[in-house]
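I sat down with this model to look up its aromatic pairs, one helix and the nonpolar core. My entries are below, in the order I made them.

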Amino acid sequence: MSGSSSSTSRTDSSYLAPVLNNVGIIDPLTVTGINAGLAAWNMVASLTFGAYSEEMGRRPMWIISNAGMGFGFAFIMGFAAAFANTGNTNFGLAVIPFIFIVYGFYDLAWIALNYTYVAEFMPYNLRTKGLALYITFNSESRLAWLPTDSGGGGSADGQT
């Protein structure tokens, strides 16, 4: 699975509502507001970071982006676990800013450099083949997220 599919673009966007539900945010208007805020935040952050990728340097952008996402995911998991154990709504609310932080770090590199950096670090005679493989595996990994019938007529996870 490629990084763009295993990181924020698939994980958080596919599971944003259940994650918010698990931390006690169940009001549809609040969930919609958070989702709209994330969309605006992603647009501004990705356009800004994309415009300055030459000045910032690609390698530092990748390193900072991946480290920041890991840092943010650790806090999200910690606050979600604290909410699950204590029921304290402050822990649930603390997840929201860290979702924005994770998305900001994702936008730093994964949006702006997703395809360009793959072709850039490969030797010139392998760039087309390497990019084709990257796109193929990236597309295939997205298919892995689709629910499938287990053959027994039950749900996607095989339970009835």
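The notes go from ring pairs to a helix and then to the core.

**Entry 1: aromatic pairs.** I noted at the start that the model is predicted. I looked up the ring pairs and got six aromatic pairs. I began with Trp62 and Trp110, which pair edge-to-face, with 4.6 Å from centre to centre and 85 degrees between the planes. I then checked where the two sit: Trp62 is in helix α5 (residues 58-86) and Trp110 in helix α6 (residues 89-111), so I logged a link between distant parts of the chain, 48 residues apart. I found both Trp62 and Trp110 buried.

**Entry 2: a stacked pair.** I turned to Phe75 and Phe98, whose ring centres are 4.7 Å apart. Their planes meet at 5 degrees, so I entered the pair as stacked, the cut-off being under 30 degrees. This pair also links distant parts of the chain, with Phe75 in α5 and Phe98 in α6, 23 residues apart. Is each ring buried or partly exposed? Phe75 has 33% relative accessibility and counts as partly exposed, whereas Phe98, at 14%, counts as buried. I also recorded one aromatic cluster, formed by Phe71, Phe75, Phe79, Phe91 and Phe98.

**Entry 3: helix α6.** I compared the span of α6 with expectation. Its 23 residues should span 33 Å at 1.5 Å a residue, and the end C-alpha atoms are 32 Å apart, which agrees. At the N-terminal end I found a cap: a side-chain oxygen of Asn88 lies 3.0 Å from the backbone nitrogen of Asn90.

**Entry 4: the core.** I looked up the largest nonpolar core and found 28 residues, of which Leu20, Ile25 and Ile99 touch the most other members. Two or more residues come from each of α2 (8-22), α3 (28-51), α5, α6 and α7 (116-120). Which helix gives the largest share of this core? I have α6 down for 11 residues, the largest share.

**Entry 5: Ile99 and Leu16.** Leaving out residues up to four places away in sequence, I listed Leu16, Leu20, Leu38 and Ile76 as touching Ile99. I followed Leu16, which is found in helix α2. Leu16 has a relative accessible area of 8%, so I marked it buried. Leu16 and Ile99 are 83 residues apart along the chain, and I noted 9.1 Å between their C-alpha atoms. With the same sequence neighbours left out, Leu16 touches Asn35, Leu38 and Ile99. Leu38 therefore appears in both contact lists, that of Ile99 and that of Leu16, by heavy atoms within 4.5 Å.

Technical notes. Residues numbered from 1 in each chain as written. Predicted model: local features only at pLDDT ≥ 70, side-chain atom pairs only at ≥ 80, totals over all residues. Heavy atoms only, no water. Phe/Tyr/Trp six-rings, centres within 6.5 Å; stacked < 30°, edge-to-face > 60°. Helix = DSSP H or I, 4+ residues; strand = E, 2+ residues; numbered from the N terminus. Buried < 20%, exposed > 50% of the residue type's maximum accessible area, 1.4 Å probe, protein only. Expected span 1.5 Å × (residues − 1). Polar contact = N/O pair within 3.5 Å; in protein donor to acceptor, adjacent residues only side chain to side chain. Core = buried A, V, L, I, M, F, W, Y, C linked by side-chain atoms within 4.5 Å.
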